[in-house]
Amino acid sequence: MDKFEKYFGLVDSDFDSPILVDNHDFEIHFKHLETMILIRFTENLLAEKRKIGKIGGPVHLAAGQEAIAVGISSVLTEKDYVFSAHRSHAHLLALDPNPYGLFAEVLGRSTGLSKGFGGSMHLWNGKSGFSGSVPIVSGTIPLAVGTGLASKLRGSESIGVAYFGDGAMEEGVVHESLNLASKLEIPILFVCENNLFSSHLHINERQPSNFNARFAIAHQIESRVVDGNNVKSVANNAQELVSQIRNTRRPAFLEAFTYRLYGHVDWREDIDVGVGRSSEDLNKWKSRDPIKRLKKALDGNAEFVEKLAQIEQDIKIRIVQDWEKAESDPFPSDSELISNVLFSDVRDQNVI
Ligand SMILES: Cc1ncc(C[n+]2csc(CCOP(=O)(O)OP(=O)(O)O)c2C)c(N)n1
Ligand SMILES: [Mg+2]
């Protein structure tokens, strides 16, 4: 880490420490584990299908980062407005662990979450609160601020949530969004998933510090820095911040350090592509896998081993069934190309 580590209270060795669980909360921990496994299996399947050419467009996988989405989603409701970017499958599935609509979307089928027109980077699932992802890095952050402001003006309990990466912090609009949210006291949770990379470039090559929470402090926004591979820590901190946001209607910022197990895009590991992703680092972070760490923490519970085997088996079967169902769905018809993209009054005027 760097000179800020003492200030933010997170050091590199924290990622190797055990997750401390309470047996009373076994059901909660197991639910978290189950959702993380579903996301991991889904993404592994996407990686495999992309590799063999079954998926036409790129997929940005969040394997290794699941604990952040699962911890945060555990304290949200479907009335909140959650936005993400190019690496959004985990955020989507943590709110609604049902990969069928995602599969249909990456296969370009009319049953997909964006009716088959968007692919992996344009997802939407209104009923769960997932309000959209786009490939433009940082593009949805001001939209999330807007939903927070709208909620406040309407007097509703809802909050905006913006997931973004360490690379997105380097876009000006993020700083404008932080400033506006602070000044206008907007109920929004900013979630910076710091996986240390922007595409192939390590944060140490790009920034004087690898802590992004320093920008929240500059904007007088309450912030926390957490081990993003510890789902319990993410959930507990998110719980405190979200109830604070709902009560005070002010913004908060959560920075979660993590690491992606696949490379920037698709199935490759990206060892020694660009600067700073070595096999030593990757192996170190593989041993810090959030799923492995939680499994280890729960291992002492008598019910655990049997329950885990059953759940893993069920999830595998469900995912394959969902994939096969999506694959047998139809592609959109030609007329949908017009009805989903252009305003109907433009068509009525015979412009096209
Ligand atoms: C405005 C904009 N600039 C550049 C890109 C190209 N690009 C796609 S992903 C990415 C890296 C983003 O890094 P980060 O925000 O840390 O997210 P991560 O991929 O690590 O999850 C870049 C530069 C883009 N899509 N949009
Ligand atoms: Mg990143």
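This passage looks at two pockets and one arginine in a predicted model.

A good place to start is with the open spaces. Rolling a probe the size of a water molecule over the atoms reveals where empty space remains. The largest pocket has a volume of about 350 Å³. It is lined by 25 residues, and those closest to its centre are H86, R87, V137, G165 and A168. Two elements, β3 (160-165) and β5 (197-198), give two or more residues each to this lining. The largest share, three residues, comes from β3. In chemical character, the lining of the largest pocket divides into 12 polar, eight nonpolar and five charged residues.

The second largest pocket has a volume of about 220 Å³. Its lining is made up of 13 residues, with T35, S73, S74, A94 and L95 closest to the centre. Here helices come into view: α2, α3 (66-73) and α4 (89-95) each supply at least two lining residues. Helix α2 gives the most, with three residues. Six residues of the lining of the second largest pocket are polar, five are nonpolar and two are charged.

Helix α2, which spans residues 26-51, also holds R40. R40 counts as buried because its relative accessibility is 11%, under the 20% cut-off. What does the side chain of R40 make a polar contact with? The partner is the side chain of D289, at 2.9 Å. Leaving aside residues up to four places away in sequence, R40 touches A63, G64, E66, L261, D289, P290 and I291. D289 thus appears both in this list of neighbours and as the polar partner of R40.

Key: Residues are numbered from 1 along each chain as its sequence is written. Chains are lettered from A and ligands numbered from 1 in the order in which they are written. This is a predicted model: local features need pLDDT of at least 70, side-chain atom pairs count only at pLDDT 80 or more; totals for chains, interfaces and linings use all residues. Side-chain values use heavy atoms; hydrogens and water are left out. Helices (H or I, at least four residues) and strands (E, at least two) are DSSP runs, numbered from the N terminus. Buried means under 20% relative accessible area, exposed over 50%, partly exposed in between (1.4 Å probe, protein chains only). A polar contact is a pair of N or O atoms within 3.5 Å; within protein, one must be able to donate a hydrogen and the other to accept it, and residues adjacent in sequence count only if both atoms are side-chain atoms. Contact means heavy atoms within 4.5 Å. On a 1 Å grid over the protein atoms alone, a cavity is a set of points where a 1.4 Å probe fits but cannot get out, and a pocket is an open set with protein on both sides within 12 Å along at least five of seven lines; lining residues have an atom within 4 Å of a point. Grid points are joined across faces, edges and corners, and a volume is the space filled by probe spheres set on the points. Ala, Val, Leu, Ile, Met, Phe, Trp, Tyr, Cys and Pro count as nonpolar, Asp, Glu, Lys and Arg as charged, and the others, Gly among them, as polar.
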